[in-house]
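Here's a quick walk through one model, from its charged pairs to its sheets and pockets. Keep the viewer open as you read.

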Amino acid sequence: MNRLRISILLIALLAGSCERLAGTEVGNPEITMNARFSIRDTDPTADVPEFNLKMMEMGWTAIDHSEVCWNTGNGHVVDFAANAMPLDEIKVSNSEWKNAEITLHTAPGSSALPVSTGFAKWHNPRYAKIVKVMGADTVRALFQMPEKLKLRLIFGKATINTWRQQNGIIVEVKFDVGTWSAGLGSKPDFKFRTDGNRARYVVLSPNENAAVYKTMKELLPKAFVADSTNVF
């Protein structure tokens, strides 16, 4: 087997299985695990129809050992609004966890905006879509995800216990719309753009509607449903 084939095999093993670290016992029973990424709709007036991040890795500490899973160099882009399980099912040791950590990075994308198509059909992982009804008006906004943002979601034992099902583990990674959309305010004075269908929308970026963008950026880590979230 040549070096190229060996490298490809190693990448495949890291992407689809767990890396056993110090203390793992040989023959330890295993259990299946999935991860679900979803939006938590705590604000009936707000919707986030698209929100992409890269899942970089997940790790946890058990009573007698630690493990790392879904560890890929380029990450796996997940759309929280899809409410899906986009990662491969894996096997993990069936032991009692003390804590777990998930690392997320912002996904790259172009700087192009929906000038030739409508807001609803336009896609770019660099921007999150937000729709919020404010009185008689509906604000449609594109939030420019901060470049090279790295988030670490930390979960404690009580939260982890809610992931355990009868036949496996479903890791729940949720983003709270209500916490984040509060940053839009009640009646902000937006600068508007027009999409390819001549409908108005808002860009939230460091250079456009900057005050609201700053607030939304500060609320972004706090909107993840985790015991704590660190920016690094």
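## Salt bridges

Count the salt bridges in this predicted model and you get 9. One of the pairs to look up is Lys132 with Asp43, whose side chains meet at 3.7 Å, N to O. Lys132 belongs to strand 9, while Asp43 sits in the loop between strand 2 (30–40) and strand 3, so this salt bridge ties together parts that are 89 residues apart in sequence.

## The five-stranded sheet

Strand 9 takes us to an open sheet of 5 strands, laid out in the order 3-9-10-14-13 with mixed pairing. At its edges are strand 3 (46–50) and strand 13 (192–194), each of which pairs on one side only. Going from one strand to the next, the twist averages 35°.

Inside that order, strand 9 (residues 127–134) and strand 10 (residues 137–144) run antiparallel and share 8 bridges. To find your place in this pair, look for Val133, which stands opposite Thr138 of strand 10. And what lies across strand 9, strand 10 and strand 14 (200–204)? That's helix 4 (residues 210–219), running at about 70° to strand 10.

## The three-stranded sheet

Strand 2, which came up with the Asp43 loop, has a sheet to itself as the middle entry in the order 7-2-12. This sheet of 3 strands is open too, and its pairing is mixed. Its edge strands are strand 7 (90–93) and strand 12 (168–176), each pairing on one side only. On average, neighbouring strands here are turned by 40° against each other, ignoring direction.

Between strand 2 and strand 7 the pairing is antiparallel, with 4 bridges. Pick out Glu30 and you'll find that its bridge partner in strand 7 is Ser93.

## A hairpin

Strand 4 (residues 52–62) and strand 5 (residues 66–69) also run antiparallel, joined by 4 bridges. A hairpin of 3 residues links strand 4 to strand 5. Which residue of strand 5 is the bridge partner of Thr61? Ser66 takes that role.

## Two pockets

Now for the empty space. The largest pocket has a volume of about 190 Å³. Strand 10 gives the largest share of its lining, with 4 residues. Thr138, already met opposite Val133, is one of the lining residues, and the list also includes Met134, Asp137, Val139 and Arg140. Further along the sequence, Ser186, Lys187, Pro188, Phe190, Phe192 and Arg200 line this pocket as well. By class, the lining divides into 5 nonpolar, 2 polar and 4 charged residues.

The second largest pocket holds about 160 Å³ of space. Its lining takes in the run His105, Thr106, Ala107, Pro108 and Gly109, together with Met145, Pro146, Glu147 and Lys148. Lys54, Arg126 and Lys150 complete the list. How many nonpolar, polar and charged residues does this lining have? There are 4 nonpolar, 3 polar and 5 charged ones.

Note on methods: Residues are numbered from 1 along each chain as its sequence is written. This is a predicted model: local features need pLDDT of at least 70, side-chain atom pairs count only at pLDDT 80 or more; totals for chains, interfaces and linings use all residues. Side-chain values use heavy atoms; hydrogens and water are left out. Two strands pair if DSSP finds at least two bridges between them. Axes are lines fitted to C-alpha atoms, for helices over the stretch in contact, and angles run from 0 to 180 degrees between N-to-C directions. Contact means heavy atoms within 4.5 Å. On a 1 Å grid over the protein atoms alone, a cavity is a set of points where a 1.4 Å probe fits but cannot get out, and a pocket is an open set with protein on both sides within 12 Å along at least five of seven lines; lining residues have an atom within 4 Å of a point. Grid points are joined across faces, edges and corners, and a volume is the space filled by probe spheres set on the points. Ala, Val, Leu, Ile, Met, Phe, Trp, Tyr, Cys and Pro count as nonpolar, Asp, Glu, Lys and Arg as charged, and the others, Gly among them, as polar. A salt bridge is a side-chain nitrogen of Lys or Arg within 4 Å of a carboxyl oxygen of Asp or Glu.
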